[in-house]
Amino acid sequence: MAKRYRGQNLPVVPQNRTYVPTRSAVKPPFYAEIEAASKWPPEADEWLAFVRDVVQMPETMKTAVQEAIRQQRWKIAPNPLSSIRTATHQEARKMGI
């Protein structure tokens, strides 16, 4: 027989509504730009401008930015651009850039 952790005399309070998690329809800043960049092929010319202008990093970090976007952690981050920058530094360190 299983142990009971609550007393037998306590009333059971029914939950008045079911919890349904929702996501905001408003996307954070730069979400659309990163989403568009995630669909580019790795050798596309747009990557250099994206790394330089949007992410604001040197063009030599292009492969690290691509890997950070490929990981897709930015999709659930409250600030996707910051998430990309952090992951880019981590990937650059792993790659030895």
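Starting at the N terminus and moving along the protein chain, the elements run α-α-α-α, and the model in your viewer is a predicted one. Colour the chain by secondary structure to begin with, and you will find four helices and zero strands. The chain has 97 residues, of which buried residues make up 26%. If you then switch on the surface, the protein chain exposes about 7,700 Å², with carbon and sulfur atoms supplying 55% of that area. Among contacts between residues at least 6 apart in sequence, 51% join residues at least 24 apart.

**First stop: helix H3**

Select residues 62-71, which form helix H3, and look for Ala64, Val65, Gln66, Ala68 and Ile69, which are buried there. What lies over these buried residues? The cover includes helix H1 (31-37), helix H2 (46-54) and helix H4 (80-95), and it may help to show those three helices in separate colours while H3 stays selected. Just after H3, step on to Gln72, which takes a positive phi of about 65°.

**Second stop: the nonpolar core**

Now keep the helices in view and show side chains for Trp47, Phe50, Val55, Val65, Ile69 and Ile84, the residues with the most contacts inside the largest nonpolar core, a set of 18 residues. Helices H1, H2, H3 and H4 are the elements that give two or more residues to this core. Which of them gives the most? That is H2, with four residues.

**Third stop: Trp47 and Gln66**

Centre the view on Trp47 and display its surroundings, leaving aside residues up to four places away in sequence. Trp47 then touches Ala37, Trp40, Pro41, Pro42, Lys62, Val65, Gln66 and Ile69.

From that list, move to Gln66, which is found in helix H3 and is buried, with a relative accessible area of 8%. When residues up to four places away in sequence are not counted, Gln66 touches Pro42 and Trp47. Draw a distance from the side chain of Gln66 towards Pro42, and you will find that the backbone oxygen of Pro42 lies 2.9 Å from a polar atom of that side chain.

**Fourth stop: the aromatic rings**

The structure holds four aromatic pairs, and two of them can be visited from here. Select Trp40 and Phe50, whose rings form an edge-to-face pair, 5.9 Å centre to centre and with 90° between the planes. This pair links distant parts of the chain, since Trp40 sits in the loop between H1 and H2 while Phe50 sits in helix H2, ten residues apart. Are these two residues buried or exposed? Trp40 counts as partly exposed at 27% relative accessibility, whereas Phe50 counts as buried at 4%.

Add Trp47 to the selection, and a second edge-to-face pair appears between Trp47 and Phe50, 5.8 Å centre to centre, again with 90° between the planes. Trp47 and Phe50 both lie in helix H2, three residues apart, which is about one turn of the helix, and both of them are buried. With the three side chains shown together, you can see the cluster into which ring pairs link Trp40, Trp47 and Phe50.

**Last stop: the salt bridges**

Side chains of opposite charge can pair when their charged atoms come close. How many salt bridges are there to look for? The count comes to five, and three of them make convenient places to pause.

Select Lys39 and Glu35, which form a salt bridge whose closest N and O atoms are 3.9 Å apart. Lys39 is exposed, with a relative accessible area of 63%, while Glu35 counts as partly exposed at 21% relative accessibility.

Go next to helix H4 and select Lys94 and Glu91, where the closest N and O atoms of the salt bridge are 3.5 Å apart. Both residues lie in this helix, three residues apart, about one turn of the helix. Lys94 is exposed, with a relative accessible area of 65%, but its partner Glu91 is buried, with a relative accessible area of 7%.

A network completes the tour: salt bridges that share partners join Arg52, Asp53 and Glu59. Within this group, select Arg52 and Asp53, which form a salt bridge with the closest N and O atoms 3.4 Å apart. Arg52 counts as partly exposed at 41% relative accessibility, and Asp53 is partly exposed too, with a relative accessible area of 47%.

How values were computed
Residues numbered from 1 in each chain as written. Predicted model: local features only at pLDDT ≥ 70, side-chain atom pairs only at ≥ 80, totals over all residues. Heavy atoms only, no water. Buried < 20%, exposed > 50% of the residue type's maximum accessible area, 1.4 Å probe, protein only. Contact = heavy atoms within 4.5 Å. Core = buried A, V, L, I, M, F, W, Y, C linked by side-chain atoms within 4.5 Å. Salt bridge = Lys/Arg side-chain N within 4 Å of Asp/Glu carboxyl O. Polar contact = N/O pair within 3.5 Å; in protein donor to acceptor, adjacent residues only side chain to side chain. Areas by Shrake-Rupley, 256 points an atom, 1.4 Å probe, with all protein chains shown as cover. Phe/Tyr/Trp six-rings, centres within 6.5 Å; stacked < 30°, edge-to-face > 60°.
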